[in-house]
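Open your viewer, put the chain on screen, and keep the selection tool at hand. We will walk from one stop to the next, and at each one you will hear what to pick.

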Amino acid sequence: MKEDNCLHAALICLGMLYYSHAITTEKLNHARPSLHGHHEKGKEGQVLHRSKRGWVWNQFFVIEEYTGPDPVLVGRLHSDIDSGDGNIKYILSGEGAGIIFVIDDKSGNIHATKTLDREERAQYTLTAQAVDRNTNRPLEPPSEFIVKVQDINDNPPEFLHENYHANVPERSNVGTSVIQVTASDADDPTYGNSAKLVYSILEGQPYFSVEAQTGIIRTALPNMDREAKEEYHVVIQAKDMGGHMGGLSGTTKVTITLTDVNDNPPKFPQSVYQMSVSEAAVPGEEVGRVKAKDPDIGENGLVAYSIIDGDGMDMFEITTDYETQEGVVKLKKLLDFETKKSYSLKVEAANVHIDPKFISNGPFKDTVTVKISVEDADEPPVFLKPNYIFEVQENAASGTVVGKVHAKDPDAANSAIRYSIDRHTDLERYFIINAEDGNIKTIKALDREEIAWHNISVFAVEVHKQHQEAKVPVAIKVVDVNDNAPKFAAAYEAFVCENARSNQQFITISADDKDDSANGPRFIFSLPPEIIHNPNFTLRDNRDNTASVLVRREGFSRQKQDLYLLPIVISDGGLPPMSSTNTLTIRVCGCDSNGSLLSCNAEAYILNAGLSTGALVAILTCIVILLVIVVLFVTLKRQKKEPLIVFEEEDVRENIITYDDEGGGEEDTEAFDIATLQNPDGINGFIPRKDIKPEYQYMPRPGLRPAPNSVDVDDFINTRIQEADNDPTAPPYDSIQIYGYEGRGSVAGSLSSLESATTDSDLDYDYLQNWGPRFKKLADLYGSKDTFDDDS
């Protein structure tokens, strides 16, 4: 660093000497007057010779960043008119005049008083003028000139970014472009080599290189492996002065990351995997996991697993867990330890995405052997069949063997089995099972016509492990036996006309049999042997499970016989066949000439002799009209409004309606007597008015005396209670209390104003003072005014 500073100072000194010589030479050239002129006619015809101005300016130069003790001499202004006597004054104006640039007004020397920086300002435009010192009259026309700041190499190169980041695929060929870095130099690129940059790599060899002129970074080594090293730090330098000694430099850091390519196949870390699974496992249950390692990342590291060989291909399957990149071995079918105790699988792991550029690195897959052992589990018993179907004849005797179920313990222990019937499926207890051998027998006779199939369930339980049980459905078919005779299919009732013709069919009958079709049709219809030659009717079997009944003779009379009973024998096709005799009821009816039914009653025949059909219809019509009139009259009668005010002669108490009143108790054997609720005064036909005080005093009942005014009310009430308890005529039931009648025999009369037309002032309640302390409050309220005033 110290050597660079010395070199820099020496170059500045040489530059200053060079430019001082150039400025002096140029100044002399500029100050040299031009002697060329032209003739000009004066006022009096005199020819004048006008000289051109004595200075012509181009530009001055001043080196930048000068740090000497004295101001830098930029140049000197001099006019040909100046004779050196000091009468000419030089004036400087323009950019930086008087601040940066000053002029000696006598000698015309221009100096720079401040250090200049070309990177801040490259040139200044100034104006020079020579005037008379005394009169300030211009002696030369103003002339512009330029002062250029001469560049020196004082700025190092700078990169656009302090740090760069770039990616390049691993295994890239040598010379693959990674990134281009660019630096700039603030010095003047048009002068010298101050801004001529050269790039070089300081760190990152031998993996990367950089082009000296462009700054493009390229790979320098083949087959760089991301899995070995993923990130590199490269330092790039940019140096001016064409990279020669003494130039300034700048650096930047570039972080280069190798991106992944699929250049590595998956690999299992071991050759054999050992797994185990219980035979009680259900399909879909996970058995174990395998994993092939692939150092690649992203989609290049995706691995798919498959089973390619082995004796367990049908029993197991493998799926890929893409989150963990593992192969998950799962159970596909149920296992049986007693049948097969181990399985072997050959599992392959292969890359999902393969890069054709690196196919030569393949194959991109690997295989491994997976051995799976089956563990014994305590299994419940297993029936030899998934279900059983047995048959037994109906009406079979109790204890008949229906069938046998069999189960065994699939475990190696082969425990003993006990059987039982699920009683929820055999609520009527038709069957029983032998707990040792599984034989099912009947307990009671079966009837196919009631239940044709019995569906029960049988349990099998290990003797020493009660929790291990199995259940199997058992269907028992009740086989039909011809134990039901055929009968009429319906309750037939036949009608035959009095004028029926011989061999005329009047009804077709069929039969029904509860037994199965094998023991039912075909049905055979016939008449009993004793009436095979019945003079009235005959039977014809149609051989299609029906029979027709025909008239054997002509002419029937309802007056002689209006009802016939014809027995018919029906036999079924069972072995042995069963038969029954069914009676057909035949009525004799009157018909018209077309055979249409008119009447089947003997009385109708008698009426028909006296009245015609038209007369009967007319009579019925009149009866219907009379009934309609009666109904309308009753309806209008009920629609009449009842009076809003009860008539005086009506007793409101008679409006009580009793609904199914059963009396007063168990001892009451008589109906409820509503008369006991009536006013006893009304029994004699006298009903007192409700709005006036009674005018008559009734005699008390025999044995009862009205209590004098001086008698205590408690004694009065107790006496009445005793009489009621000892009265043999009192009803044994509770009576309804009627408040429309307040009783009789009271000296004070009624306390209510309902039966009194007088005012409170007409009543005397002084006797209440003698009724005891219980009526004191009432006596105070209704006593005489004098007593009330005294109390108050």
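**Stop one: paired strands**

Select S177 and look across to strand β16, where R218 stands opposite S177. Before going on, note that this is a predicted model, in which local features need pLDDT of at least 70, side-chain atom pairs count only at pLDDT 80 or more, and totals for chains, interfaces and linings use all residues. Residues are numbered from 1 along each chain as its sequence is written, and side-chain values use heavy atoms, with hydrogens and water left out.

Now colour strand β12 (residues 177-180) and strand β16 (residues 216-219): they pair in the antiparallel sense over 3 bridges. Strands here are DSSP runs of E, at least two residues long, numbered from the N terminus, and two strands pair if DSSP finds at least two bridges between them.

Add strand β15 (residues 208-210), which also pairs with β16 in the antiparallel sense, over 3 bridges. Click on F208 and you will find T219 of β16 opposite. Then follow the hairpin of β15 and β16 through the 5 residues between the strands, and pick G215, which takes a positive phi near 80°.

**Stop two: a charged network**

Side chains of opposite charge can pair when their charged atoms come close. A salt bridge here is a side-chain nitrogen of Lys or Arg within 4 Å of a carboxyl oxygen of Asp or Glu, and by this rule the count comes to 20.

Select R226, E227, E230 and D260 together: salt bridges link them in a network. Zoom in on R226 and E230, whose closest N and O atoms are 4.0 Å apart in their salt bridge. Is R226 buried or exposed? R226 is buried, at a relative accessible area of 8%, while E230 is partly exposed at 38%. Buried means under 20% relative accessible area, exposed over 50%, and partly exposed in between (1.4 Å probe, protein chains only).

**Stop three: R289 and its partners**

Next, show the side chains of R289 and D321, which meet in a salt bridge at 3.1 Å, N to O. R289 lies in strand β20 (residues 286-290) and D321 in strand β22 (residues 316-321), so this pair ties together parts that are 32 residues apart in sequence.

Keep R289 selected and add E326: these two form a salt bridge, with the closest N and O atoms 2.8 Å apart. E326 sits in strand β23 (residues 326-331) and R289 in strand β20, 37 residues apart, and the pair links these distant parts of the chain. Finally, switch on the surface at R289, which counts as partly exposed at 34% relative accessibility.

Notes. Helices (H or I, at least four residues) and strands (E, at least two) are DSSP runs, numbered from the N terminus.
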